[in-house]
Structures are given as C-alpha cells and as structure tokens.
Amino acid sequence: MSRIGKLPVAVPSGVDVAIDGPVVTVKGPKGTLTHTVAAPITVEQGEGVLDVKRPDDERISKSLHGLTRTLVNNMVVGVTEGYEKKLEIVGVGYRVLSKGPTQLEFQLGYSHSIVFDAPEGITFTVEGPTKLGVQGIDKQLVGETAAKIRKLRKPEPYKGKGVRYAGEQIRRKVGKAGK
C-alpha cells in the first residue's frame with residue numbers, strides 16, 4: 001500500500017468539499033479549486049477527512065494513488081493558507097518594480113525593460129528592488145509562474161547574476177586563469 005496514498009486528507013472547518021464522480025471541488029476562504037481524478041482512483045468523503053482509494057494493485061493504480069492524494073491535499077492547503085514562492089534578483093542595476101498586484105516590470109541588464117503579467121489567480125508582492133514573492137492558491141501555478149520569472153534571466157555560474165529562488169545556491173565556476 002502506498003504510504004502517502006493511504007493517509008487521510010484532513011478537511012479543516014470552513015472548507016467545503018464536493019465530489020461529483022471523478023471531479024473533486026474544494027471551496028475555502030481563499031477561493032475554489034477543482035481537480036478531475038484519474039480513472040481507477042476514487043475519492044470518498046468521511047467525517048472531516050477525505051480518503052483516496054484504489055481498486056487493485058496494478059502498476060498504474062499504485063502510481064496514481066499517492067499522486068492523487070497529494071493533489072487533493074494541496075488543494076485543501078491552497079484554499080486555506082495559500083502558497084508563496086520568494087525570488088531574489090542579484091546583479092548590478094537589476095531590479096523589479098511593481099505595477100499593481102498582477103504586473104511587474106524588470107530591469108535585467110537587457111537594453112529594454114520586461115513587463116510580466118500574472119496569470120489569473122496569481123498576485124505579486126515586491127518587498128524591495130531585488131526581492132519579490134509570487135502568491136496564489138494553486139501550488140502548480142505558483143511554481144510555474146516563479147519558474148517563468150526565473151527564466152527571464154537565469155543565474156549564471158561565473159558571477160551569480162540573475163533571478164533566483166530565495167535561498168537557492170548557485171554552483172560557481174572559476175573564471176579563466178590569467179598568465
């Protein structure tokens with residue numbers, strides 16, 4: 001039995017879960033998320049918990065069991081607490097400006113500034129010219145948006161300049177050896 005899949009998902013008070021066949025909808029104080037569960041897996045609602053069940057021990061059922069439980073748990077956490085990814089900008093003259101909660105303007109060493117619009121459900125917080133946060137209720141969308149921002153100027157290995165996740169360690173290379 002999957003160690004993750006057999007754990008029940010705790011549903012806190014203030015969160016409504018609706019199961020309509022394979023579609024699981026979670027509604028909480030921060031918003032609503034919906035997920036369609038893959039074919040052999042079923043989700044059952046109990047007393048303040050959700051149980052993810054698999055019908056057999058086939059390879060596909062085993063692999064989807066833990067995944068489905070984690071996705072449902074991430075939806076419950078997302079609508080109650082939300083998710084946030086923090087990013088840092090390193091480099092002389094590199095900075096970020098907030099143009100509202102859903103738009104950022106970056107200066108990343110290019111000849112032009114880059115305007116980045118948030119997808120629906122994502123908001124940005126700018127704590128300074130070199131620190132920003134990506135917030136939302138969908139864990140996958142928060143991570144993907146943070147990765148797209150990082151992709152605008154990846155950290156390079158010689159000086160470490162670029163956009164990086166907060167706390168990320170960049171493997172540094174030695175420059176060319178002079179004679």
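Guide: Buried means under 20% relative accessible area, exposed means over 50%, and partly exposed lies in between, with a 1.4 Å probe and protein chains only. R150, at 18% relative accessibility, therefore counts as buried. The model is predicted: local features need pLDDT of at least 70, side-chain atom pairs count only at pLDDT 80 or more, and totals for chains, interfaces and linings use all residues. Residues are numbered from 1 along each chain as its sequence is written, and side-chain values use heavy atoms, with hydrogens and water left out.

Visitor: What span is expected for helix α2 at 1.5 Å a residue?

Guide: Helices (H or I, at least four residues) and strands (E, at least two) are DSSP runs, numbered from the N terminus. The expected span of a helix is 1.5 Å times one less than its number of residues. Helix α2 covers residues 139-151, so its 13 residues should span 18 Å, and its end C-alpha atoms are indeed 18 Å apart. For α1, residues 59-80, the 22 residues reach 33 Å from first C-alpha to last, close to the expected 32 Å. Just after α1, G82 has a positive phi of about 85°.

Visitor: Which residues of α2 are buried, and what covers them?

Guide: The buried ones are L141, V142, T145, A146, I149 and R150. Contact means heavy atoms within 4.5 Å. The cover includes strands β7 (83-90), β9 (103-107), β10 (114-117), β11 (122-128), β12 (131-136) and β13 (162-165). K148, also in α2, is partly exposed, with a relative accessible area of 45%.

Visitor: How many residues are in the largest nonpolar core?

Guide: A nonpolar core is a set of buried Ala, Val, Leu, Ile, Met, Phe, Trp, Tyr and Cys residues joined through side-chain atoms within 4.5 Å. The largest one here has 20 residues, and I89, F106, F124, L132, V134 and I149 have the most contacts inside it. The elements giving two or more residues to this core are β7, β9, β10, β11, β12 and α2. Helix α2 supplies the largest share, 4 residues. Apart from this core lies another, of 18 residues, among them V17, V26, I41 and V43.

Visitor: Which side chains meet E168, K99 and D57 in salt bridges?

Guide: A salt bridge is a side-chain nitrogen of Lys or Arg within 4 Å of a carboxyl oxygen of Asp or Glu. The structure holds 7 of them. D57 pairs with R54 at 2.9 Å, N to O; D57 is exposed at 57% relative accessibility, whereas R54 is buried at 14%. E105 pairs with K99 at 3.2 Å, N to O. E168 meets R150 at 2.8 Å, N to O. This last pair links distant parts of the chain, 18 residues apart, with E168 in the segment after β13 and R150 in helix α2. E168 is partly exposed, with a relative accessible area of 21%. E84, K86 and E127 are linked in a network of salt bridges.

Visitor: Which side chain of opposite charge is nearest to R69?

Guide: For charge, Lys and Arg count as positive and Asp and Glu as negative, while His and the chain ends are not counted. R69 lies in helix α1. The nearest opposite charge is D51, 8.2 Å away, and R69 is buried yet has no salt bridge. Not counting residues up to four places away in sequence, R69 touches I4, G5, L7, P8, V9 and V52.
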